[in-house]
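With the model open in your viewer, follow the stops below in order, making each selection before reading on.

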Amino acid sequence: MKKSINHILCLLAMQTTLFGASWSEVLENHREYLPEDSLIMRQYKAFCEGDAPPIVDPRIKEIPISENGEALIDLRASNGKRVSMMAEPSLPFAGPLYNSGLPGASKMRGPVFHRLEKMVEELDSLAPLFGYEAGQIDILLFEGLRDLGTQKMLFEKKLEEILKANPDMTLEAAERETCKWVSPVKNNTPVHSTGAAVDIRLWDNKAGAFLDLGPFGVIWGGSTFAPTFSEAITDVEKNNRLYSLLAAERAGLTNYVYEWWHFSYGDRYDLYWKKSDLEEKIALYGSIELY
Ligand SMILES: [Zn+2]
């Protein structure tokens, strides 16, 4: 079903410019930077064909993990100028203008941080192409690591909430429902628990405002705007998303096609897209247990 809906939406988008440029037009306009085998083009094609796997897809979950032990870095301690934390909230998940407020939010594996630094360089070099100046666009981090203890706590809180609202529900059914909202710890390696994933926003330091890439989601509701190649966004938002995607791909980060703000390196999802089916895929990072 999903396959045909995405496909129809993409076909419709190719035929109408009523609401501005379609993704296919935006990509076509930047073709010299987007070879057919680029990550962006492969993800776009898979998304249109309904063949882009969600994070819990068996094709992702079957990739083995061999923990390589790379250390975490803490963005709060590193005082990065162009890659830094979003503002501190008064409460965890207080809103999309703040970082998540969870204890590990500013941490990530070292190579992920280095790729974010590289992404800033790429944002600089691509800036004139998208109407910005080198040095104008920075990266702000909403959340990196969410350790297993915190993940488990969030899952249990949501489960409790669902059971309270539905007293007749069996525990099994309530757990299934909870999985739609929070990644389970049981039989799963939640991607943020590995330190390989980051949720980021771009910051225009000249305008003193977030760059407009469409509504920033995380837990404030999945929406039609969250998938990276959503047609339900403005031309400006499409251009800004492409700007972000190009910089990320050049820096070695892989975007999660159902959330424009989520990028990773070295996890199963990254390996799925970067290695062909003929190559051995082994993810680098397992879950981190801090509490
Ligand atoms: Zn994320």
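## The zinc site

Begin with the zinc ion of this predicted model, and display its donors: His192 through NE2, Asp199 through OD and His262 through ND1, which coordinate the zinc ion at 2.0 to 2.1 Å. Along the chain these donors follow the spacing H-x6-D-x62-H. Now colour by secondary structure: His192 lies in the loop between helix H8 (171–179) and strand E5 (197–204), whereas His262 belongs to strand E8 (residues 259–264), so the pair ties together parts that are 70 residues apart in sequence. If you add a surface, note that both His192 and His262 are buried.

## Colouring by confidence

Switch to colouring by pLDDT, for which the chain has a mean of 89, with 91% of its residues reaching 70 or more. Among the elements, helix H6 (residues 110–126) has the highest mean, 98, and helix H1 (residues 2–15) the lowest, 58. Where pLDDT is low, the predicted coordinates should not be read in detail.

## Helix H9

Next select residues 235–251, which form helix H9; its 17 residues reach 24 Å from the first C-alpha to the last, close to the 24 Å expected at 1.5 Å a residue. The helix is mostly covered, with twelve of its 17 residues buried, and these include the charged-type names Glu237, Lys238 and Arg241 as well as Leu242, Leu245 and Leu246. Step just past the end of H9 to Gly252, where phi is positive, at about 90°.

## Aromatic rings

Now show the aromatic side chains, among which 16 pairs are counted. In the pair Tyr256 and Tyr258, the ring centres are 5.6 Å apart and the planes stand at 70°, so the arrangement is edge-to-face; both of these tyrosines are buried. Tyr272 and Trp273 are also edge-to-face, because their planes meet at 90°, with the centres 5.2 Å apart. Tyr272 counts as buried at 16% relative accessibility, and Trp273 is buried with a relative accessible area of 6%. Widen the selection to Trp23, Tyr44, Phe47, Phe229, Tyr256, Tyr258, Tyr269, Tyr272 and Trp273, which form one aromatic cluster.

Two arginines are worth selecting with their rings: Arg115 lies over the face of Tyr265, at 3.6 Å from the ring centre, and Arg201 lies over the face of Phe210, at 3.8 Å from the ring centre.

## Last stop: Ser84

Finish at Ser84, in strand E2 (residues 83–85). Leaving aside residues up to four places away in sequence, Ser84 touches Leu75, Ile139, Leu140 and Leu141.

Conventions. Residues numbered from 1 in each chain as written. Predicted model: local features only at pLDDT ≥ 70, side-chain atom pairs only at ≥ 80, totals over all residues. Heavy atoms only, no water. Helix = DSSP H or I, 4+ residues; strand = E, 2+ residues; numbered from the N terminus. Contact = heavy atoms within 4.5 Å. pLDDT = per-residue confidence, 0-100. Donors = N, O, S within 2.8 Å, 3.2 Å for Na, K, Ca; no water. Buried < 20%, exposed > 50% of the residue type's maximum accessible area, 1.4 Å probe, protein only. Expected span 1.5 Å × (residues − 1). Phe/Tyr/Trp six-rings, centres within 6.5 Å; stacked < 30°, edge-to-face > 60°. Lys NZ or Arg CZ within 6 Å of the ring centre and 35° of its normal.
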